[in-house]
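Trainee: Could you pick one part of this model and take me through it closely? I would like to see how its details connect to the rest of the chain.

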Amino acid sequence: SKRVLVTEFIEGEKITSVLDRLAEARAAGDESAQIEISRLVNKLIEAYARQMLELGRFQADPHPGNLLVEADGTLVILDFGCTKILEAEVRRAYAQLLQAFFVQDTKRVSELLQQLGFRTRSGRPDTLLWFAELMLDELRSEGSALRQGVSSAAMIDEWIRLLRAVEQDPVVRVPDHFVMIGRVVATLGGLIMHYRPTMDIQRIMLPALLAALVPNQAGLSR
């Protein structure tokens, strides 16, 4: 009609249906299935990293019904009705945050979380710093526990201590852009934990990080 714009109809299969079939093949001993699982999940992470850090507008509703795989293996993201715009300054701060994670700079992570708009009730960064340290501990292990879907007793203890710290000095302000980002990260994290792809998260993120940190050199149009 005059009020509806349809740009293209995509023939594809829901991503979780494809990944479930590949996971069954992997369990049956098909090594190529793990390669394809990893390709699809890595490509999805890369796509969202580029949307958030490089392009500044991302689809904020990545439930499996909005993620299709075409017959030739092409990944498709549908339904940009729920989107979020990230200004260049915010994108740069998130890129710096990821950079600080990767080099294990806990203090810088805490500073950037405050810069992005996170606040605790007391105004002190202790809870944010504890959270940063816990996240860095997981990065130090290169995400192996995440990929294998394993939670050690030590990790559980750390999370319990973090929750207690949150009770004593809760985070009282979370920026609106992080609410949308958190929604995406939770969904993508669930796919990673369930399907256990082989990942090098720093390599996946690097092009988008460079684009956010040095946009002119990356040749981006604003």
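**A close look at one helix**

Mentor: Let's begin with a charged pair: Arg39 and Glu36 form a salt bridge, with their closest N and O atoms 2.8 Å apart. The term asks for a side-chain nitrogen of Lys or Arg within 4 Å of a carboxyl oxygen of Asp or Glu. Before going further, keep in mind that this is a predicted model, where local features need pLDDT of at least 70, side-chain atom pairs count only at pLDDT 80 or more, and totals for chains, interfaces and linings use all residues. Residues are numbered from 1 along each chain as its sequence is written, and side-chain values use heavy atoms, leaving out hydrogens and water.

Both partners sit in helix H2, three residues apart, so about one helical turn separates Arg39 from Glu36. In general, an α-helix has 3.6 residues a turn, so residues three or four places apart point the same way. Arg39 is partly exposed at 35% relative accessible area, and Glu36 is also partly exposed, at 24%. Here buried means under 20% relative accessible area and exposed means over 50%, with partly exposed in between (1.4 Å probe, protein chains only).

Further along H2 there is another such pair: the side chains of Glu46 and Lys43 meet in a salt bridge with an N to O distance of 3.3 Å. Glu46 and Lys43 are three residues apart in H2, so the spacing is again about one helical turn. Lys43 is partly exposed at 39%, and Glu46 is partly exposed at 28%. The count for the model comes to seven salt bridges. Another of them joins Glu13 to Arg21, whose closest N and O atoms are 2.9 Å apart. In that pair, Glu13 is partly exposed at 30% relative accessibility, while Arg21 is partly exposed at 44%.

Now for the nonpolar side of the story. Helix H2 covers residues 31-55 and gives the largest nonpolar core its largest share, 10 residues. That core has 49 residues, and those with the most contacts inside it are Leu19, Leu44, Ile45, Met52, Leu53, Phe58 and Leu97. A nonpolar core is a set of buried Ala, Val, Leu, Ile, Met, Phe, Trp, Tyr and Cys residues joined through side-chain atoms within 4.5 Å.

Which residues does Leu53 touch, leaving aside those up to four places away in sequence? They are Arg91, Tyr94, Ala95, Leu98, Ala208, Leu209 and Ala212. Contact here means heavy atoms within 4.5 Å. Helix H9 spans 201-213, and Leu53's partners Ala208, Leu209 and Ala212 carry numbers in that range.

Beyond H2, strand S2 (57-59) and strand S3 (67-69) are linked by a loop that holds Asp61. Asp61 is buried, with a relative accessible area of 17%. Setting aside residues up to four places away in sequence, Asp61 touches Asn66, Cys82 and Arg183.

Two backbone spots are also worth a visit. Asp79 has a phi near 65°, a positive value in a residue other than glycine. Most residues other than glycine have a negative phi. Asp79 lies in the loop between strand S4 (75-77) and strand S5 (83-85), where it is partly exposed at 45% relative accessibility. Arg196 likewise has a positive phi, near 50°. The loop between H8 and H9 is where Arg196 is placed, and at 32% relative accessibility Arg196 is partly exposed.

To put H2 in its setting, the protein has nine helices and seven strands. These are DSSP runs numbered from the N terminus (helices H or I, at least four residues; strands E, at least two). Of the 222 residues in the protein, 38% are buried. Among contacts with a separation of 6 or more, 72% join residues 24 or more positions apart.

So much for the surroundings; back to H2. Its residues pair up in salt bridges between Arg39 and Glu36 and between Glu46 and Lys43, while 10 of its residues belong to the largest nonpolar core.
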